[in-house]
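Here's a quick briefing to read with the model open. It goes from helix packing to the holes in the fold.

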There are 2 protein chains.
Amino acid sequence: MARRRKEDALETRERILDAAIEVFHKRGVSRPSLTEIAELAGVTRGAVYGHFQNKADLFIALTDRIQLPDESLCQAPLHGGCDPLGELRKRSLFLFREVMNDEQYRRVFEIILMRCELVTENGEILKRCTESHAEGDRRLRKLVEAAITAGQLPEDLDPNIAVPILHGSVIGLLNDWLINPAYDLVEVGTRQVDALLEMLQSSPHLKRSGTLQAPASA
Amino acid sequence: MARRRKEDALETRERILDAAIEVFHKRGVSRPSLTEIAELAGVTRGAVYGHFQNKADLFIALTDRIQLPDESLCQAPLHGGCDPLGELRKRSLFLFREVMNDEQYRRVFEIILMRCELVTENGEILKRCTESHAEGDRRLRKLVEAAITAGQLPEDLDPNIAVPILHGSVIGLLNDWLINPAYDLVEVGTRQVDALLEMLQSSPHLKRSGTLQAPASA
DNA sequence: ATTTAAATACATTCATGCATGAATATCAAT
DNA sequence: ATTGATATTCATGCATGAATGTATTTAAAT
């Protein structure tokens with residue numbers, strides 16, 4: 001074939017990306033050839049190489065279109081800070097809703113989560129995953145500490161305990177649901193977050209005293 | 001080279017398996033060739049084909065040596081049933097301890113979790129993952145229901161809510177820790193489980209009334 | 001006329017799986 | 001204990017196929 005208009009070229013690019021999502025989602029990232037993706041997109045391999053350097057580059061372009069859960073959960077630097085817990089709740093529910101309702105988002109996320117190999121050869125996405133995870137923890141910690149300062153959480157709550165539990169529970173529910181979406185994620189998620197926040201306020205098992213823990217200075 | 005004694009042959013097999021763990025853990029399952037694994041094991045590809053049919057077969061042999069978290073979490077059909085909550089607690093802590101202390105176990109688990117592609121071409125491991133997940137949910141539900149019957153949890157606790165939250169939280173913490181093992185999993189895990197069980201007993205957000213939910217018949 | 005999207009053709013690389021062969025372990029028979 | 005036959009582990013070499021990346025060509029848009 002021959003040259004298309006600029007708009008057509010962009011559309012071709014999108015078609016390739018969509019085809020790649022479908023193929024990667026069904027067969028993983030490593031196995032399928034570019035031929036397979038090209039054919040599903042209705043073009044030849046030449047077109048793919050015209051838009052992307054190689055499969056890794058195509059994969060990166062795909063993942064750039066979505067936010068990872070940790071990125072979505074902990075984006076802005078908690079504006080204002082008047083209601084940290086409300087902020088946390090809002091963001092969690094937003095994430096649950098987005099994952100549940102946006103099919104395309106979900107499929108890309110499923111590819112990253114369980115249909116690609118997080119190794120150095122996939123440097124870009126590996127980096128994003130680990131860094132967003134770490135950054136998520138950091139932001140979550142700030143939220144929790146702000147909540148303590150604001151009086152929304154008890155003084156003697158141990159962030160070293162609360163943060164990983166909170167993070168693991170929310171992200172864990174999300175991942176679980178992706179594996180087996182047998183329930184209403186938004187409803188269960190809402191209840192989870194509410195119950196967890198309540199738990200942070202009241203549970204003696206999350207206090208600093210329990211086991212020896214580096215006592216927060218100041 | 002030539003034939004070895006039976007024991008030597010078994011040792012060769014083990015060496016190949018260990019080499020495969022190392023290679024898969026570092027570079028993922030799909031990329032490395034059998035040559036790479038053989039060389040690390042100090043043999044040639046011929047030896048690998050002598051012990052395993054192909055890479056997929058080798059990978060299966062690897063994963064057969066460990067239990068998945070859900071398998072470990074929900075093995076026996078809850079013997080006796082006098083103390084369901086204690087049973088649940090015990091199993092969770094056992095899992096946390098095992099993952100934290102057994103390096104080999106952990107590496108294989110990390111391969112399954114984030115260094116292989118869970119697609120139909122990897123049928124065996126995909127099946128194990130999805131089935132153990134489902135079975136884990138089923139067993140967890142039985143435990144929760146038994147706990148309600150035994151009076152350890154409130155009558156109006158909604159298992160449809162409690163089970164996914166419990167499962168997601170525990171498995172989520174485990175997965176989180178594997179990504180970034182920056183804390184003591186056993187300590188945080190213990191506190192998490194204790195706080196969660198407490199939460200199940202007291203939180204109004206996990207009751208049946210909240211939103212319309214299929215009322216458990218009888 | 002020139003530029004560019006996309007097809008086509010081609011060379012190269014590489015992993016796989018198998019067939020073959022070497023050399024020792026194992027065991028039965030003496 | 002020695003010998004001989006057999007089985008078995010592992011190395012080697014080869015044929016095959018497939019995917020990749022690039023170079024070249026085509027033909028339309030500007």
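In which hand of crossing does α8(B) pass α9(B)? The crossing is right-handed, the term used when the near helix is turned clockwise from the far one by less than a right angle (anticlockwise would be left-handed). Bear in mind that this is a predicted model, where local features need pLDDT of at least 70 and side-chain atom pairs count only at pLDDT 80 or more, while totals for chains, interfaces and linings use all residues. On bookkeeping, residues are numbered from 1 along each chain as its sequence is written, chains are lettered from A and ligands numbered from 1 in the order written, and side-chain values use heavy atoms, leaving out hydrogens and water.

**Chain A overall**
- Chain A has 10 helices and zero strands; these are DSSP runs numbered from the N terminus, H or I of at least four residues for helices and E of at least two for strands.
- Taken along the principal axes, the C-alpha atoms of chain A fill a box of roughly 70 × 35 × 30 Å.

**Packing within a chain**
- In chain B, α8 (residues 123-149) packs on α9 (residues 159-179) at about 125°, with axes 9 Å apart; axes are lines fitted to C-alpha atoms, for helices over the stretch in contact, and angles run from 0 to 180 degrees between N-to-C directions.
- That makes α8(B) oblique to α9(B), because under 35 degrees counts as roughly parallel, over 145 as roughly antiparallel, 65 to 115 as roughly perpendicular and the rest as oblique.
- The contact (heavy atoms within 4.5 Å) includes B:His133, B:Asp137 and B:Leu140 from α8(B), and B:Pro159, B:Asn160 and B:Val163 from α9(B).
- Sorted by type, the residues of this α8(B) with α9(B) contact are six nonpolar, three polar and three charged; Ala, Val, Leu, Ile, Met, Phe, Trp, Tyr, Cys and Pro count as nonpolar, Asp, Glu, Lys and Arg as charged, and the others, Gly among them, as polar.
- Over in chain A, α6(A) and α8 (residues 123-149) pack at about 145°, their axes 8 Å apart.
- There, A:Pro84, A:Leu85, A:Glu87 and A:Leu88 of α6(A) touch A:Leu140, A:Leu143, A:Ala146 and A:Ala147 of α8(A), a set with seven nonpolar, no polar and one charged.

**Between the chains**
- The axes of α10(A) and α9(B) come within 10 Å and cross at roughly 70°, so the two helices are roughly perpendicular to each other.
- A:Glu187, A:Val188, A:Arg191 and A:Gln192 in α10(A) meet B:Asn160, B:Ile161, B:Pro164, B:Ile165 and B:Ser169 in α9(B).
- The split for this contact is four nonpolar, three polar and two charged.

**Pocket and cavities**
- The largest pocket has a volume of about 1,000 Å³, and of its 50 lining residues, A:Leu113, A:Met114, A:Asn175, B:Leu113 and B:Asn175 are the closest to its centre.
- On a 1 Å grid over the protein atoms alone, a pocket is an open set with protein on both sides within 12 Å along at least five of seven lines, a cavity is a set of points where a 1.4 Å probe fits but cannot get out, and lining residues have an atom within 4 Å of a point.
- Volume is the space filled by probe spheres set on the points, joined across faces, edges and corners.
- There are four cavities of 30 Å³ or more, and the largest holds about 60 Å³ of space.
- Among the residues lining the largest cavity are A:Leu73, A:Ser92, A:His167 and A:Val193.
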